[in-house]
Amino acid sequence: MCPSTALGGTGWAVGLDIGGTLMKAVVVGPDGEVTGRLRSPTAPGAGPAAVLDRAAGLVAQARHLPATVGPVSAVGIGVPGFVDEASGTVEYSANLGWRDMPVARLLSERLGTPVALGHDVRLGGRAEGELGAARGASDYLFVAVGTGIAAAVTLGGRQRRGPSGLAGEIGHVVADPDGPLCRCGGRGCLEEVASASGIGRRYRREVPGPEIGSAEVLALAVGGDPVAERIWSSAIGQLAHAIALVHGALQLEMVVIGGGLAKAGTRLVEPLGAALAADLPCIPPPRLALAQLGDEAAGLGAALLARASVLSAPAGDRRALDAAHPAGA
Ligand SMILES: [Zn+2]
C-alpha cells in the first residue's frame, strides 16, 4: 500500500480525490513517502463553493499535520466526470453536480498554491501504473468498477485521453439493449448492468427489498441464491465482453480491476479471467490483476500529478512557491 520512495523527490505535495461521497487527501513528502491521510464528507448538495471551501480546508489541515515539515509546493485534485486537464476545468460531473467549473483556478486562489486537475479514474490508473499493480506495464487498462464504470487507457506508457477526454468511458457503451435505463439517458449501459451498484439494482428488480450492492449479491450467490448467481455471472460476462473488445482493438499487456467490485477478489478475477479467455478464442488474453492501492489510488495519482506539474514548472516559480509557503504554512 505504501508507495515508499517511488514518487521521486521534489518538495511536498497534497493529492486530493473529490468523490461524490468523500474527499480523501494524501500528503506526500519529498522522498515520495505518504506522511498523512485525511478524509472529509464531500456533501455536494451544499453547492460547489462549499465543497471547494471544504477541499481548501482539508489541504490547509494537511499543511499543518505534524509530519508535514516542509512547504507544500503543489496540490493535485481528482474529480469524477468530464475533465479538461489542460484548462483545469470540470466540464461536467454528475456525481458532484458541477458544470463548467474552473476548479484548478478557484482552488489555487483559495490556497495560494498551484493546483493541477485530473480525472479521478485516469489518476487512479496512473498511480496503479507507477506505484501499484501495473508497475512495469506500458500497455494496460485500469477499470474502476464501483458506483459507475470507467477505465483509463495507457498505451506505450502514455495515457490516452482522446480528443474530448472521453477515452475509457466504457461504462456508457450499451451492453444490453433491453436493459435498464442509465442516468446518461441510454439503455442498458455497461455500468447499469455490471457496476457494483448496478448489480445490486438488478437483483432488487427481481427480488424487492432494501438497497444492496454487489457484495451482498455475491454473498447471496455464494450461499446458493439462484437469482444472485445468475446476475453475478451475467454481470461478469458483460464486463469481460467489454474488456475483450478493448483488448481486441489494442492488445493490452494487462488489465487492472479497481473500485468496489475488486473487493470480491478471486470470486471476481477467476470467473472474469475465464469469461475473458472464452471471449478471445484465438487471441492471447491480457494478464488480469486486482488494483493494489485501494481507494487511495486517485489521491496518490493526484499527488503524482501535482509533483509532475512542479517538476515541469520553471525553477524560479518553484523557489517563489517555497518562499511563499514555508514549512507548515
Ligand atoms: Zn449510460
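Below, a trainee and a mentor talk through the labels used for this predicted model.

Trainee: Let's start with Ala262. Why is Ala262 called buried?

Mentor: Count its neighbours. Ala262 has 22 other C-beta atoms within 10 Å, and the cut-off for buried is 20 or more, so the label holds. Ala262 is found in the loop between strand 12 and helix 8.

Trainee: What does Ala262 touch, leaving out residues up to four places away in sequence?

Mentor: Val145, Ile257, Leu268, Leu290 and Ala291. Contact here means C-beta atoms within 7 Å. For Ala262 and Ala291 there is also a C-alpha figure: those atoms are separated by 7.3 Å, with the two residues 29 apart along the chain. That one is a C-alpha separation, whereas the contact rule uses C-beta atoms.

Trainee: Moving on to strand 12, residues 254–258. What makes strand 12 largely enclosed?

Mentor: Five of its five residues are buried, so the rest of the structure largely encloses it. Split it by direction: Met254, Val256 and Gly258 point one way, Val255 and Ile257 the other way, and all are buried. In a regular strand, side chains alternate between the two faces of the sheet.

Trainee: How do you know that strand 12 pairs with strand 9 and with strand 13?

Mentor: Pairing takes at least two bridges. Strand 9 and strand 12 have five, in the parallel sense, and strand 12 and strand 13 (residues 287–290) have four, also in the parallel sense. Both counts meet the cut-off, so both are pairs. To find the register, look at Met254: Tyr140 stands opposite it on one side, and Arg287 in strand 13 is also opposite Met254. From strand 12 the chain goes through helix 8 (residues 266–279) to strand 13, a right-handed β-α-β crossover.

Trainee: And strand 1, residues 12–18? What makes strand 1 mostly covered?

Mentor: Seven of its seven residues are buried. On one side you have Trp12, Val14, Leu16 and Ile18, and on the other Ala13, Gly15 and Asp17.

Trainee: How many bridges join strand 1 to strand 4, and how many to strand 2?

Mentor: Six to strand 4 (residues 72–79), running parallel, and six to strand 2 (residues 22–28), running antiparallel. With a cut-off of at least two bridges, each is a pair. Gly15 is a handy landmark: its bridge partner is Gly76 in strand 4 and Val26 in strand 2. Strand 1 and strand 2 are also joined by a hairpin through three residues.

Trainee: Which residues touch the most other members of the largest nonpolar core?

Mentor: Val14 and Val75, out of 97 residues. Beyond four places in sequence, Val75 is in contact with Val14, Leu16, Val59, Leu107, Leu111, Thr113, Val115 and Ala306. Thr113 is in that contact list, but Thr isn't one of the residue types that can belong to a nonpolar core.

Trainee: Which domains does the protein's domain assignment give?

Mentor: Domain 1 (12–124 + 294–324) and domain 2 (133–290). Their C-alpha centres lie 28 Å apart. Eight residues from domain 1 and ten residues from domain 2 make the contact. On the domain 1 side, strand 5 (82–84) and helix 3 (120–131) each supply at least two residues, and that side has five nonpolar, one polar and two charged residues.

Trainee: One last element: which residues of helix 5 are buried?

Mentor: Ala196, Gly198, Ile199, Arg202 and Tyr203, in a helix covering residues 196–206. Their cover includes strand 9 (140–145), helix 4 (190–194), helix 6 (214–222) and helix 7 (226–250).

Conventions:
Residues are numbered from 1 along each chain as its sequence is written. This is a predicted model: local features need pLDDT of at least 70, side-chain atom pairs count only at pLDDT 80 or more; totals for chains, interfaces and linings use all residues. A residue is buried if 20 or more other C-beta atoms lie within 10 Å of its own, exposed if 12 or fewer, and partly exposed in between; C-beta atoms are placed from the backbone. Two residues are in contact if their C-beta atoms, placed from the backbone, lie within 7 Å. Domain bounds come from an automatic or database domain assignment. Ala, Val, Leu, Ile, Met, Phe, Trp, Tyr, Cys and Pro count as nonpolar, Asp, Glu, Lys and Arg as charged, and the others, Gly among them, as polar. A nonpolar core is a set of buried Ala, Val, Leu, Ile, Met, Phe, Trp, Tyr and Cys residues joined through C-beta atoms within 7 Å. A crossover is right-handed if, with the strands pointing away from the viewer, the path from the first strand over the helix to the second runs clockwise.
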